[in-house]
Amino acid sequence: MAIHAGAPRRSTLAPGDHAKLDDLRARLADLKDEPGATLEALYAAQEVFSYVPPEAVTMIAEELSMPESEVFGVLTFYTMFHRKPSAKYVLRVCRDLSCHISGAPAVLKALNDELGTRVSEVTEDGLFETESVSCLGLCDLQPAVMVNLEQHGPLDAAKARSLLADLRAREA
Ligand code: FES
């Protein structure tokens, strides 16, 4: 079942990404007969594209013989999947109660102010974006932030700015 009824969909893929669909199809071939392979298929798509584009959702639905809406439902349920190209450094700030009380809002604000972005907006250079997420499992580091797979905390506004400076220095 198509998610977007009506007008035909335009491709959202960058020109260089079309060839990656073949790569994804090859990887899905191994999952066809596995029960409950949707998560694995979405992980495969994210590995291939670094996010899960609509074209991948359609392909997964076709290859796993399931409704597109079901694939989309799984995609949107889990926060680890990206539905748009993400920045090189994704800074995930915990918003749960313990981190909130210990200063996470000030950390998130400092990061966004410094970057000139809002949550989930990618900077023009493609390097950074912030996300506000549920518990990162780093409650002993509250307020905690993950930069991709790196753990940081406890942070305050000044340390958050210094973290950004460190990340920028890696790119210099
Ligand atoms: S509550 Fe923030 S990392 Fe667990």
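Reader: Into which domains is the chain divided?
Author: Happy to start there. This is a predicted model, in which local features need pLDDT of at least 70, side-chain atom pairs count only at pLDDT 80 or more, and totals for chains, interfaces and linings use all residues. Residues are numbered from 1 along each chain as its sequence is written. With bounds from an automatic or database domain assignment, the chain is divided into domain 1 (15–77) and domain 2 (89–171).

Reader: What distance separates the centres of the two domains?
Author: For scale, the C-alpha trace of the chain spans about 50 × 30 × 30 Å along its principal axes. Taken over C-alpha atoms, the centres of domain 1 and domain 2 are separated by 29 Å.

Reader: What pattern of helices and strands does the chain follow?
Author: Helices (H or I, at least four residues) and strands (E, at least two) are DSSP runs, numbered from the N terminus. The chain has seven helices and four strands. Read along the sequence, the pattern is α-α-α-α-β-α-α-β-β-β-α.

Reader: Which element gives the most to the largest nonpolar core?
Author: A nonpolar core is a set of buried Ala, Val, Leu, Ile, Met, Phe, Trp, Tyr and Cys residues joined through C-beta atoms within 7 Å. Buried means that 20 or more other C-beta atoms lie within 10 Å of a residue's own, with C-beta atoms placed from the backbone; 12 or fewer is exposed, and in between is partly exposed. The largest core has 19 residues, and Val93, Val107, Leu111 and Val145 have the most contacts inside it. At least two residues each come from β1 (89–94), α6 (104–115), β3 (145–147) and α7 (157–171), and the top contributor, with five residues, is α6.

Reader: Which residues does Leucine 111 touch?
Author: Leu111 is one of the buried residues of α6, and what covers those residues includes β1, α5 (97–101), β2 (128–133), β3 and α7. Two residues are in contact if their C-beta atoms, placed from the backbone, lie within 7 Å. Leaving out residues up to four places away in sequence, Leucine 111 touches Leu91, Val93, Thr130, Ala160 and Leu164.

Reader: How far does α6 reach from its first C-alpha to its last?
Author: The expected span of a helix is 1.5 Å times one less than its number of residues. For the twelve residues of α6 that gives 16 Å, and the model comes close to it, at 17 Å.

Reader: What phi does glycine 116 take?
Author: Glycine 116 sits just after α6. Its phi is positive, at about 70°.
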